[in-house]
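User: Could you give me a close look at one part of this model, in connected prose that I can follow with the structure open? Please state your cut-offs as you go.

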Amino acid sequence: MVKRKKNGAKTGRSLNLVLWFCFSLFAIVVVLVFTVVQNALVDRHYRKKTMERLGTASTWLLGSIGPNTGEQEAVNLIVDAYKSYGVSGYLITSDGQSVFPDLTDQKSYPALAETLNKAFLNGDQSAVVSLGNTLIYAVETSFGGQNCYLCVTKSLESLNDLEEGMGLISFVMVLVAIVLSFAASGLVAVLITKPVNEVTERAKQLARGDYSLDFKENYFCREINELSEALDHARVEISKADKMQQEVIANVSHDFKTPLTMIKAYASMIREISGDDKEKRDAHAKIIIDESDRLTALVLDLLDISKLRAGFGADERTVFNLSEEVYRVAERFDYLKDTAGYQIETEVESDLYISANRARTEQVLYNLIGNAVNYTGQDKKVKVRLFVKGQNLRFEVVDSGVGIKQEEIPTIWDRYYRSSETHKRPVKGTGLGLSIVKGILEAHGYPFGIESKEGKGSVFWVEFFPAPKEEDVENERAEEPVKKKKKEKKKDSSEGEG
Ligand code: ADP
């Protein structure tokens, strides 16, 4: 069950909000990952390059300082090292006394000397020590007969500044990403959410029974256009069905009302006027019986339609001779030959069998021939044909009546026509005959249709699928045990031989 808020609106997050949240999250994660990776790489690269520089500078200084190097010369050398390599340097004794001055004014020599003494214990050529923000690269040497350390140093402050700057850039980028995700989700909202909302609104209107709004199909996304197209198709179909339903209710109630009124009127007449007059009473009673028959026919047809809709159209199939069935149904109209001068011509190939529901098939044949009789022209001729056409058995009823308008052909099967009182018809109809025919043929899966020319007449056709003759089936059944026995015999004899 869909949850709803108190005011009836459905709960759940708005697509816009979800989109914005996802876009922002994605952008922030990307920026953060990028920043972390970048910081780590920059840090590593900067330290590696600094170490290389410190190593080169210390080699150069070691080569330049000799036993006779004076203090001023040493200062000049250290200034040169700074200019060439961007590093500073000094020489201290192993007990922490300054030999050459430190231009950066480093004062913690004894502690540094102690650290270096420990670091060089394992016999390494050089040692790297971090002191606060400064990276110290030290090598052992001797000066004036004393064990000394040449320390080349570089401050890592610029790296910290760089990292701080990158942090700031990342922060700005996160803000930019959030703003951009607003813009992106806004764009997506315009392209997707807005059309979806529009389509939903129209669908709601459709659900309320307003069929006037059609669904547009010129949205940006193909999927929304397809949804819109499908809903528009549904709108047209539902409006047709709705109209038809209203028509059916109007017509059915009208068709019920007319005979009921007649029945009541004639019953009253019998009671009040014609009760004692046998002739009149019989005439009035006949009208009552006729009208009751009409009502019964109408009810039976309505029941048939509802049964067909429920899928009881092709149940209980049997194999039977369709040619004989066509003859039999056509013969039922023979009485019209003598009474009304109708001519029903049959042109039927014999012994054509089908497997279908026999009673339903008879109903189809009867309704189609009955319609042709009702709507044929002045010549009162109807032709009934059954012949083999390709793989199928084609049944045709041809009349010479007014025909059917091309635009009415597709809907004529579904329409409920009120039996026209102005059109005098020899065969009684309820206006539901073709709907029943359609239901039965669809349940069997037989193709059917109409070919009609206005003013010239119509051909109603059905293509039945042939089935093997009943006798063939029976013969086959009868032969089966014989064949089996023969086979068994053969088997026995071959085994015996073996
Ligand atoms: P009805 O009981 O009115 O004949 P049907 O469902 O059998 O009802 O037919 C529906 C309508 O189709 C008819 O009212 C008639 O207008 C049209 N129709 C059916 N058969 C023919 C035909 N052979 N020629 C012309 N119109 C026909």
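Analyst: Two residues are in contact when heavy atoms of theirs lie within 4.5 Å. The model is a predicted one, in which local features need pLDDT of at least 70 and side-chain atom pairs count only at pLDDT 80 or more, while totals for chains, interfaces and linings use all residues. Residues are numbered from 1 along each chain as its sequence is written, and side-chain values use heavy atoms, with hydrogens and water left out.

The part to look at closely is the surroundings of the ligand, where 15 residues lie around it (a heavy atom within 4 Å). Among these, Asn 371, Tyr 375, Asp 399, Gly 431 and Leu 434 come nearest. Three of the side chains just named make polar contacts with the ligand (N or O atoms paired within 3.5 Å). Asn 371 places a polar side-chain atom 2.8 Å from an oxygen atom of the ligand, and Tyr 375 has one 2.9 Å from a ligand oxygen atom, whereas the polar side-chain atom of Asp 399 lies 2.8 Å from a nitrogen atom. Taken alone, the ligand exposes 530 Å², of which the protein buries 92% (Shrake-Rupley areas, 1.4 Å probe).

The shell can also be described by its elements, which are DSSP runs (helices H or I of at least four residues, strands E of at least two) numbered from the N terminus. Helix α9 (358-375), helix α11 (433-444) and strand β12 (457-464) each supply at least two residues of this shell. By class, the shell has 7 nonpolar, 6 polar and 2 charged residues, with Ala, Val, Leu, Ile, Met, Phe, Trp, Tyr, Cys and Pro counted as nonpolar, Asp, Glu, Lys and Arg as charged, and the others, Gly among them, as polar.

For context elsewhere in the chain, Thr 193, found in helix α4 (residues 157-207), is buried at a relative accessible area of 7% (buried is under 20%, exposed over 50%, partly exposed in between, with a 1.4 Å probe and protein chains only). Leaving aside neighbours within four places in sequence, Thr 193 is in contact with Leu 15, Asn 16, Leu 19 and Val 188. Strand β5 (residues 146-155) is largely enclosed by the rest of the structure, because 7 of its 10 residues are buried. Strand β4 (residues 134-143) pairs with β5 in the antiparallel sense over 10 bridges (pairing needs at least two DSSP bridges), and Glu 140 has Tyr 149 of β5 as its bridge partner.

Technical notes. Polar contact = N/O pair within 3.5 Å; in protein donor to acceptor, adjacent residues only side chain to side chain.
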